[in-house]
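These are my notebook entries on a structure that I went through step by step. I kept each entry short and put the look-ups in the order in which I made them.

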Amino acid sequence: MWDARYQPATNPLVFLWPVTMSTRPNTGPPTVSVDSDTVRRIAHLARIRLDEDRIEPMREELNTILAFVEQLEEVNTDGVEPMTSVVATKMRLRPDAVTDGNIPHDVVANAPASEDDFFMVPKVVE
Amino acid sequence: MTDLTTLTIAQAREGLRGKSFTAAELAEAYLAAIDAANDKLNAYIVETPEQARSMAKASDARLAKGEGGSLEGIPLGIKDLFATEGVHTQAASGILHGFKPRYESTVTQNLWDDGAVMLGKLNMDEFAMGSSNETSAYGPVVNPWRSTTSNADLVPGGSSGGSAAAVAAWLCAGATATDTGGSIRQPAAFTGTVGVKPTYGRCSRWGIVAFASSLDQAGPITRDVRDAAILLKSMASVDKKDTTSVDIPVPDYEAVLGSSVKGMKIGVPKEYRMDGMPDEIEALWQTGIAWMRDAGAEIVDISLPHTKYALPTYYIVAPAEASSNLARYDGVRYGKREPGEDMVALYENTRASGFGQEVQRRIMIGTYVLSAGYYDAYYKKAQRVRTLIKQDFEKVYADGIDAILTPATPSAAFGVNAMATASPIEMYLNDIFTVTVNMAGLPGMAGPSGLSPDGLPLGLQLIGRPFDEETLFKLGHVIEQQAGHFSPKRWW
């Protein structure tokens, strides 16, 4: 079914650039500052409608959090591998065979709108 | 007959096997207790008396035949984050309105397979994002504990606030919980209960609503260390449906309780001594250190130099993973839908209306740090720091440290709404002692160890080596023997 691999991927046409940001120097007042246009763009990327009266409070909250995480700049991570798995494990393999499926009624059972085991959405093609 | 709800899991198990009472009687006692208390405590979002009665009946039938699993007839509360087939599962969020999964989480299935009885779904912070249970779409949970100087409502901690409050207030014999940055251990500390976050991979995450997949781990909240050992044994398993679940035998944790801890090396990290930490927390820590020494353990001063960076690292990694995981709530496949003139408007309206403020904030941060041009500066940088945090622990364990002793929280429980005007960071600081453990994937236990000057429970935390939960149970049992048990005074 078309929905099985559905990912609400970020729209590649919407770019988050440019944003005022400088990552140096490491000390002094917060160097990252998100402006209200950036807040609007992120909200759109995140697919969350943000009413105008929420933009400024959200901007302040995001800047508070970004200022907090900015202290990571002072950590020397040269030559340090980014963590990909917290516990060293070997990915288990299994035969490439269907282990589940043929349950369309279950798949759509919780959908707000469905018909004949299809999800119903507003018209997307004119 | 004594009030059946005051029995521990171990005591109830004995009573059921000895036929002092039936599973049906035990379940009824809890259902009545929930009915009487829930208006005031708000620990349960949904009660499931029908399931409870039919499961208890089945347990009684098995017990009558001398059969039954390790949790036969034991009534449990289930955090709303666990998928329970045909039963309300909403992660305490409006966006999953009406969601009743067609499948069961592996952890809860393990519990039912061992004979446990489901009482209902427990309140929590929305999508497990919070440290006070105040972000729930179902309203805050009230801590059964009150200060000796005021009748004001206190928070039970979060995100597993419903689990901790229900266990402390005798509204279930034990509860499932989950921990992404401290969500089992911090509420356990705030309610005088025992909480265990096992090693990442010990419990299957399948069927648990995902928050931050590289950090999330399920564990028990119970009234004592023995009960936590019993519950974790049942919850833990390798699972084909979760490739991050680890194929290592699950030991009989209960069997190690009471064994000697003589000669064990207990690390005390200097970086956990924070500026402005209340005196009572420092005193509690020193008391715990003395108990360890009295039991024959050796106290070793250690250093975990990247400790202060754990919380900022967490607030990149967790929102980043959350923004991806929560992309699935689109108003199409399940839960709430708000109409819109086109697909994008439908998504945006649905997510604006369905997610609460804290969840929206974290999705926004996560979207920002993962967006084009920022991935390396934030997410990759954070994952590098995370490697350093893990290496801090690896070094001290390589030096022979068996476990680490720290306070569980920087304070006792605070008032409902007390943080309403605080910045998000102030709330996040609640997890300052617990979040390192998630960053490194280690097991951690919080247990009640004393009371604050105004009579509120305080907890100590034990941090172990990967997959060495047994050492935590041994040491936790020692602390419990010294500290005793702590129960709130009934006012509800």
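The entries below go from chain A to the interface, then to the cores and to single residues of chain B.

**Entry 1. Status of the model.** I noted at the outset that this is a predicted model.

**Entry 2. Chain A.** I looked up the make-up of chain A and found three helices and two strands. Read along the sequence, these elements come in the pattern α-α-α-β-β. Of the 126 residues of chain A, I recorded 32% as buried. I then turned to contacts in chain A with a separation of 6 or more, and 49% of them join residues 24 or more positions apart.

**Entry 3. Extent of the interface.** I asked how many residues of each chain are in contact with the other. The result was 55 residues of chain A and 74 residues of chain B. The size of an interface is often given as the accessible area lost when the parts come together. For chain A and chain B I noted about 5,800 Å² buried between them, with 69% of it on carbon and sulfur atoms.

**Entry 4. Polar and charged pairs across the interface.** I counted three salt bridges between chain A and chain B. One of them I looked up by residue: R102(B) pairs with D106(A), and their closest N and O atoms are 2.7 Å apart. Across this interface I also recorded 23 residue pairs in polar contact, both residues being at pLDDT 80 or more.

**Entry 5. The side of chain A that touches chain B.** I asked which elements of chain A give two or more residues to this side. They are α1 (36-45) and α2 (52-69) of chain A. The largest share, nine residues, comes from α2(A). By residue class, I listed this side as 38 nonpolar, eight polar and nine charged.

**Entry 6. Nonpolar cores.** In soluble globular proteins, nonpolar side chains tend to be buried together. Here I looked up the largest nonpolar core, which has 183 residues; F127(B), L171(B), F393(B) and F473(B) touch the most other members. I followed F393(B) further: leaving out residues up to four places away in sequence, F393(B) touches Y272(B), L304(B), I404(B), T436(B), A440(B), L442(B) and I463(B). Apart from the largest core lies another of seven residues, and among them I noted V108(A) and F119(A) together with V332(B) and L346(B).

**Entry 7. Backbone of chain B.** I asked where a cis peptide bond is found, and G158(B) and S159(B) are joined by one, with omega about 10°. S159(B) is placed in the loop between β3 (117-122) and α5 (161-168) of chain B. The loop between β3 and α5 of chain B also holds A128(B). A128(B) is not a glycine, yet its phi is positive, about 65°. A128(B) counts as buried because its relative accessibility is 3%, under the 20% cut-off. I entered A91(B) beside it, a residue other than glycine with a positive phi near 50°. A91(B) is in the loop between β2 (75-79) and α4 (106-113) of chain B, and its relative accessible area is 0%, so A91(B) is buried.

**Entry 8. S449(B).** Is S449(B) buried or exposed? S449(B) has a relative accessible area of 6% and is therefore buried. I located S449(B) in strand β10 (residues 444-451) of chain B. The side chain of S449(B) reaches the backbone oxygen of G447(B) at 2.9 Å. Not counting residues up to four places away in sequence, I listed the contacts of S449(B), including L284(B), W291(B), L460(B), I479(B) and F486(B).

Definitions and conventions: Residues are numbered from 1 along each chain as its sequence is written. Chains are lettered from A and ligands numbered from 1 in the order in which they are written. This is a predicted model: local features need pLDDT of at least 70, side-chain atom pairs count only at pLDDT 80 or more; totals for chains, interfaces and linings use all residues. Side-chain values use heavy atoms; hydrogens and water are left out. Contact means heavy atoms within 4.5 Å. Buried area is the accessible area (1.4 Å probe) that two parts lose on being put together, summed over both. A salt bridge is a side-chain nitrogen of Lys or Arg within 4 Å of a carboxyl oxygen of Asp or Glu. A polar contact is a pair of N or O atoms within 3.5 Å; within protein, one must be able to donate a hydrogen and the other to accept it, and residues adjacent in sequence count only if both atoms are side-chain atoms. Helices (H or I, at least four residues) and strands (E, at least two) are DSSP runs, numbered from the N terminus. Ala, Val, Leu, Ile, Met, Phe, Trp, Tyr, Cys and Pro count as nonpolar, Asp, Glu, Lys and Arg as charged, and the others, Gly among them, as polar. Buried means under 20% relative accessible area, exposed over 50%, partly exposed in between (1.4 Å probe, protein chains only). A nonpolar core is a set of buried Ala, Val, Leu, Ile, Met, Phe, Trp, Tyr and Cys residues joined through side-chain atoms within 4.5 Å.
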